[in-house]
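Biologist: I would like to learn how to read a multi-chain model, one feature at a time. Could you take me through this one, giving the general idea before each case?

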Amino acid sequence: MKIDDKTMQALTASLKFRQLRQELHASNIANAETPGYKAKKLDFEEALARALDVDEQLTMTTSDSKHFNAGGGGFNNLEPDIYEDSNGIVSPDGNNVDRDQEMAEMAENKLMYDATVQLINKKLGLLKYAIGSGQ
Amino acid sequence: MSIENVGNMNKMLNNYSTQDWTKSASIDQASLPNFNELNINAAKGATAPQSFSEIMAASLAEVNNMQVEANKAIQKLASGQTKNVSETMLAVENAEIAFKTMNQVRMKVIEAYKEIMRMQM
Amino acid sequence: MDLLTSLKISSSGLTANKKRMAAITSNIANAQVTRTAEGGAYKPKEVVFGSEPARESFAEILDGELEEKAQTVHATEIVNSKKPPVLKYEPNHPDADAEGYVAYPNINTMEEMANMIEASRAYEANINAMSTAKSMAIKDLEIGRN
């Protein structure tokens, strides 16, 4: 139960990316009427899944403990994918923001953010319990 | 309730003699389950009684396994492979309860050990 | 830090929509005005929205992963509508021209009301985004508290 094991790293990375996603949602909602503005989306789940390598399908066997494991790992340079949404109905002034969809996705992002914070608290709480001689 | 049904019921009742009833109601020592061995057998799949340290080791492995599973569930949730938050929360909670129970058992064992060491010989 | 940028973006949306509301209410109130200080009928106001990058200083841009992707919005201009005024034949009107036509502003009150509802919904959506960012920031403070 390390402090910085894969799961904690995934949770903290997830926190950071969800904050960035909230920024993009705010931007999309604020610019829902701006001519020519295209909705922006952030996708970090894929990069995170690859870094986590949950089912360990990408890990390679190493013959020496000092050899790097070429599969998972690499939380330091996680690059999220920020792109402009090409789907969606484009209105005559060139804007393709669907405000209701943005609000729904923002609500989901908020819920997952809360869940992430709760899970971090649970893991930290268990660690503290173990340190505190279980009293 | 036709005559035929009554006749059938009569036949059924005659087939079950009172002797059969009492025989199955008597307690047969050999067929009673051995409660002491039940839990151990379920956990280890062996038939011989296990030593206490082996039981502890098995339970520790189980608790650790639950932690690993909970971690995997968290990773799946964080990377978007599952949207089921309740499942993840339950897995984490289970792992936490198992760990805390294990810890209580540990404390009791230590307490018992101290108690034994205090016994005057 | 990132959530504060989110607040800045949402507040820019609120300001822009407030200006839009001001333009709409001005149009509705002046829908029948035939005489203005500049001469002629009242010209309906329209608001043009523009967006610009949310992170202004270069240092911020270097720090953040988002570069200039998140955009604030602001009402870049309040312009007079290009729609020509509506001419009505009222020879006895004090502002009638030589042929007896009076120029009225080309304002469709129903359209303005619909725009007003739209602006109000946009305002609410921005409030929603703002309060979401705020509660996420507050949630941050709960990390480690059990």
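Modeller: Let us begin with contacts, where two residues are in contact if their C-beta atoms, placed from the backbone, lie within 7 Å. Leaving aside its neighbours within four places in sequence, Ala129(C) is in contact with His25(A), Ala26(A), Ile29(A) and Met106(A), and also with Ser10(C). This is a predicted model, in which local features need pLDDT of at least 70 and side-chain atom pairs count only at pLDDT 80 or more, while totals for chains, interfaces and linings use all residues. Residues are numbered from 1 along each chain as its sequence is written, and chains are lettered from A and ligands numbered from 1 in the order in which they are written.

Biologist: Which residues touch the most other members of the largest nonpolar core?

Modeller: A residue is buried if 20 or more other C-beta atoms lie within 10 Å of its own, exposed if 12 or fewer, and partly exposed in between, with C-beta atoms placed from the backbone. A nonpolar core is then a set of buried Ala, Val, Leu, Ile, Met, Phe, Trp, Tyr and Cys residues joined through C-beta atoms within 7 Å. Here the largest such core has 48 residues, and Leu48(A), Ile74(B) and Ala129(C) touch the most other members. Helix 1 of chain A gives the most to this core, with eight residues.

Biologist: What does the contact between chains A and C take from each chain?

Modeller: The size of an interface is often given as the accessible area lost when the parts come together. Counted in residues instead, this contact takes 30 from chain A and 32 from chain C. On the side of chain A that touches chain C, helix 3 (99–131) and helix 1 (6–30) of chain A each give two or more residues, and the largest share, 11 residues, comes from helix 3 of chain A. Helices (H or I, at least four residues) and strands (E, at least two) are DSSP runs, numbered from the N terminus.

Biologist: And how many residues does the contact between chains A and B take from each?

Modeller: That contact takes 18 residues from chain A and 17 residues from chain B. Helix 3 of chain A again appears, giving the most to the side of chain A that touches chain B, with six residues.

Biologist: How should I read a single helix, say helix 4 of chain B, and what does it pack against?

Modeller: One can compare its span with the expected one, which is 1.5 Å times one less than its number of residues. Helix 4 of chain B (residues 52–78) has 27 residues and reaches 39 Å from its first C-alpha to its last, close to the 39 Å expected. Its buried residues include Gln67(B), Ala70(B) and Ile74(B), and the buried residues of this helix pack against helix 1, helix 2 (45–52) and helix 3 of chain A together with helix 5 (85–118) of chain B. The helix is followed by Gly80(B), whose phi is positive, near 80 degrees.

Biologist: How do chains B and C read as wholes?

Modeller: Chain B has five helices and zero strands, and 12% of its 121 residues count as buried. Chain C has three helices and four strands, following the pattern α-β-α-β-β-β-α along the sequence, and 28% of its 146 residues count as buried.

Biologist: Is Leu4(C) buried or exposed?

Modeller: Leu4(C), found in helix 1 (residues 2–29) of chain C, is exposed because 12 other C-beta atoms lie within 10 Å.
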